[in-house]
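Open the model in your viewer with the sequence beside it, and follow the stops below in order, selecting each set of residues as it is named.

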Amino acid sequence: RQYDNEWAIPGGIIKPNEKVFETIKREFSEEALAKLSRSAVEQAKISEMVAEHFNLGITIYKGYVDDPRNTDNSWIETVAVNYHDSTGNSFSHFPLKSVEGGSAGSAGVQWIPIDHNLDLYAS
């Protein structure tokens with residue numbers, strides 16, 4: 001994230017009548033692939049790639065998240081989904097691109113291994 005130099009997994013608010021898995025696809029496309037800043041042809045290709053690769057996710061966590069923005073009256077909840085690429089040949093073809101400015105502004109986008117030592121922050 002540009003404003004605090006921390007890592008964050010792409011994410012966002014579920015729109016009314018949107019299913020969680022639709023939100024995951026939309027947010028990843030917007031935040032990690034900068035879909036909205038690309039040409040119509042590139043956007044169509046991104047939509048095709050995301051639809052193909054994001055259909056076999058396994059929900060690994062759903063619920064409350066300890067977050068500094070939580071209060072007694074409002075709190076952050078999340079759904080974490082694992083999309084496994086055992087060969088490294090599927091997701092590596094995604095054209096990662098940073099989103100500049102705005103709330104989704106990122107200093108960079110890259111694939112990184114996730115483990116319990118990595119501090120992540122909800123966006």
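**A guided tour, stop by stop**

Begin by selecting Glu42, which counts as partly exposed because its relative accessibility is 37%, where buried means under 20% relative accessible area, exposed means over 50%, and partly exposed lies in between (1.4 Å probe, protein chains only). Before going on, bear in mind that this is a predicted model, in which local features need pLDDT of at least 70 and side-chain atom pairs count only at pLDDT 80 or more, while totals for chains, interfaces and linings use all residues. Residues are numbered from 1 along each chain as its sequence is written, and side-chain values use heavy atoms, with hydrogens and water left out.

Now add Arg38 to the selection: Glu42 and Arg38 form a salt bridge, their closest N and O atoms being 3.9 Å apart, where a salt bridge is a side-chain nitrogen of Lys or Arg within 4 Å of a carboxyl oxygen of Asp or Glu. Unlike its partly exposed partner, Arg38 is buried, because its relative accessible area is 14%.

How many salt bridges does a search of the whole structure find? There are six, and another to select is that of Arg26 with Glu27, where the closest N and O atoms are 2.9 Å apart. Arg26 counts as buried at 16% relative accessibility, and Glu27 is also buried, with 8%. Move next to Arg69 and Asp67, a salt bridge with its closest N and O atoms 2.8 Å apart; Arg69 is partly exposed at 40%, whereas Asp67 is buried at 6%. Then return to Arg26 and Glu27, and add Glu18 and Glu30, since salt bridges that share partners join these four residues into one network.

Switch to a cartoon view, where the chain shows two helices and two strands in the order α-α-β-β along the sequence; helices (H or I, at least four residues) and strands (E, at least two) are DSSP runs, numbered from the N terminus.

For the interior, select Ile24, Phe28, Ala32, Leu33, Ile46, Met49, Val50, Phe54, Val81, Tyr83, Phe91 and Phe94, the twelve residues of the largest nonpolar core, a core being a set of buried Ala, Val, Leu, Ile, Met, Phe, Trp, Tyr and Cys residues joined through side-chain atoms within 4.5 Å. Helix H1 (20–31) and helix H2 (40–53) are the elements that give two or more residues to this core, and H2 supplies its largest share, three residues. Center on Phe28, which, leaving aside residues up to four places away in sequence, touches Pro10, Leu33, Val50, Phe54, Phe94, Leu96 and Trp111, with contact meaning heavy atoms within 4.5 Å.

Staying with H1, select its buried residues, which are Thr23, Ile24, Arg26, Glu27, Phe28, Ser29 and Glu31; these pack against H2 and strand S2 (76–82).

Finally, show the surface and select Ile58, Ile60, Tyr61, Tyr64 and Trp75, which form a nonpolar patch with about 570 Å² of accessible area together. Such areas come from the Shrake-Rupley method with a 1.4 Å probe, and for residues only the protein chains shown count as cover; patches are made of residues with over 30% relative accessible area and no salt bridge, joining like charges within 9 Å and nonpolar side chains (Val, Leu, Ile, Met, Phe, Trp, Tyr) within 5 Å. Tyr61 lies in strand S1 (residues 58–65) and counts as partly exposed at 39% relative accessibility.
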